[in-house]
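Dear colleague,

I am passing on the structure we discussed, and below it you will find what came out of going through it. Please read the notes with the coordinates open beside them.

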Amino acid sequence: MPPLGGGGIIPAMPELPEVETIVRAYRPRLVGRRLTAYTSRWAKQASPSVAAVRRGVVGKRIVRLDRRAKYIVFTLAGPGELPQSWMLLHLRMSGRLEWAADPEKGRHRHIRAWFDLDDGNRLLLCDSRKFARISFTTDLNAATAHLGIEPLERAFTAARLEHLLHTRARQLKPLLLDQSVVAGLGNIYADEVLYAAGLHPLARSDELSPAQVRALWRAIRAVLRKAIRHNGTSIDWIYPDGGMEPYLKVYGRAGTPCPVCGTAIERLRVAQRSTHICPRCQPRPVRLPGGRSRHRGGGRL
DNA sequence: TGAATTGTTATCGT
DNA sequence: AACGATAACAATTC
């Protein structure tokens, strides 16, 4: 892996494009299969409990595999039943799925759980930091009620985004990271989106002009689509197969020149998260005495 | 060694 | 009171 600007290890975590890539890769192997066993080595991973998840999933068939926000959603059906139960898997920071055609072989690190399938294969959940979570529910709507809009669905229009922005007075970056507003962005893509939109992470959501709202809307969709096209981003061992890393413009590139203007990319902290910006392309809004603010730039994509 | 990561929850401030 | 910002937390890697 190439060293990144600023040096040191920069952990990667699965965000929307990485989860989408994982779901697409596993869908053909999992849809149609019946789960024959669930084994957990880490009790806290399961909600409401290991036993409840086991009762819920063992013996059921996987009829769909989808993504909602950063969740992997297994739609399950018992023998002769319509789909009426779901298993949700959130990889959080360091969770990985691995495939074991021969469960006895292979060198898998940090195995926290596995699912046996009726074709003899085994799906492993590996997670060095034990943050990943598995839950079982018979009410998918309730289980995902806390999640905001999917940024790649048709319902996510510029007008909808404008409403989400203007009904809050929040810093842009924490807003983009808030899963209850727009679902799926994490630290990497929030930075890339704000750069692509020419907006400062501390700009106020209710002070964006129509042109800036539209730039942000376009940036969210363009960055996520491009990342999915490249199978997501890999920066370290956690998520190994992505090809998006060479296309990141600011994340992990502190000190390197902005691709547009050549100014050195800066690293700052916003909402306890490391944040990367081009100080020239993403000027900080100047607070005016009247409470309004003036933005320079913006609108570039 | 401590900085880095996500999402939830608690707490502080306006 | 309601909202937004901040901090702590879980756990591990190098």
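**Contacts with the DNA**

In the model, a side-chain N or O atom of His110 lies 3.2 Å from a phosphate oxygen of DNA strand C. Please bear in mind throughout that this is a predicted model. Two further side chains have an N or O atom placed in a similar way: that of Gln272 is 3.1 Å from a phosphate oxygen of DNA strand C, and that of Arg170 is 3.4 Å from a phosphate oxygen of the strand.

His110 and Gln272 also appear, together with Ser128, Arg129 and Lys130, as the residues that come nearest among the 14 around DNA strand C. By class, the surface near this strand is made up of six charged, four polar and four nonpolar residues. On the side of the DNA, 69% of the atoms of strand C within 4 Å of the protein belong to sugar or phosphate, while the rest belong to bases.

**Helix α6**

The other element I looked at is helix α6, which spans residues 187–197 and is mostly covered, with eleven of its eleven residues buried. Among these buried residues are the charged Asp191 and Glu192, as well as Ile188, Val193 and Leu194. What do the buried residues of α6 pack against? Their partners are three helices, namely α1 (16–30), α5 (172–177) and α7 (210–229), and the strand β11 (273–277). After α6 comes Gly198, which has a positive phi near 70°.

With best regards

Definitions and conventions: Residues are numbered from 1 along each chain as its sequence is written. Chains are lettered from A and ligands numbered from 1 in the order in which they are written. This is a predicted model: local features need pLDDT of at least 70, side-chain atom pairs count only at pLDDT 80 or more; totals for chains, interfaces and linings use all residues. Side-chain values use heavy atoms; hydrogens and water are left out. A residue is near a molecule or strand if one of its heavy atoms lies within 4 Å of it. A polar contact is a pair of N or O atoms within 3.5 Å; within protein, one must be able to donate a hydrogen and the other to accept it, and residues adjacent in sequence count only if both atoms are side-chain atoms. Buried means under 20% relative accessible area, exposed over 50%, partly exposed in between (1.4 Å probe, protein chains only). Helices (H or I, at least four residues) and strands (E, at least two) are DSSP runs, numbered from the N terminus. Contact means heavy atoms within 4.5 Å.
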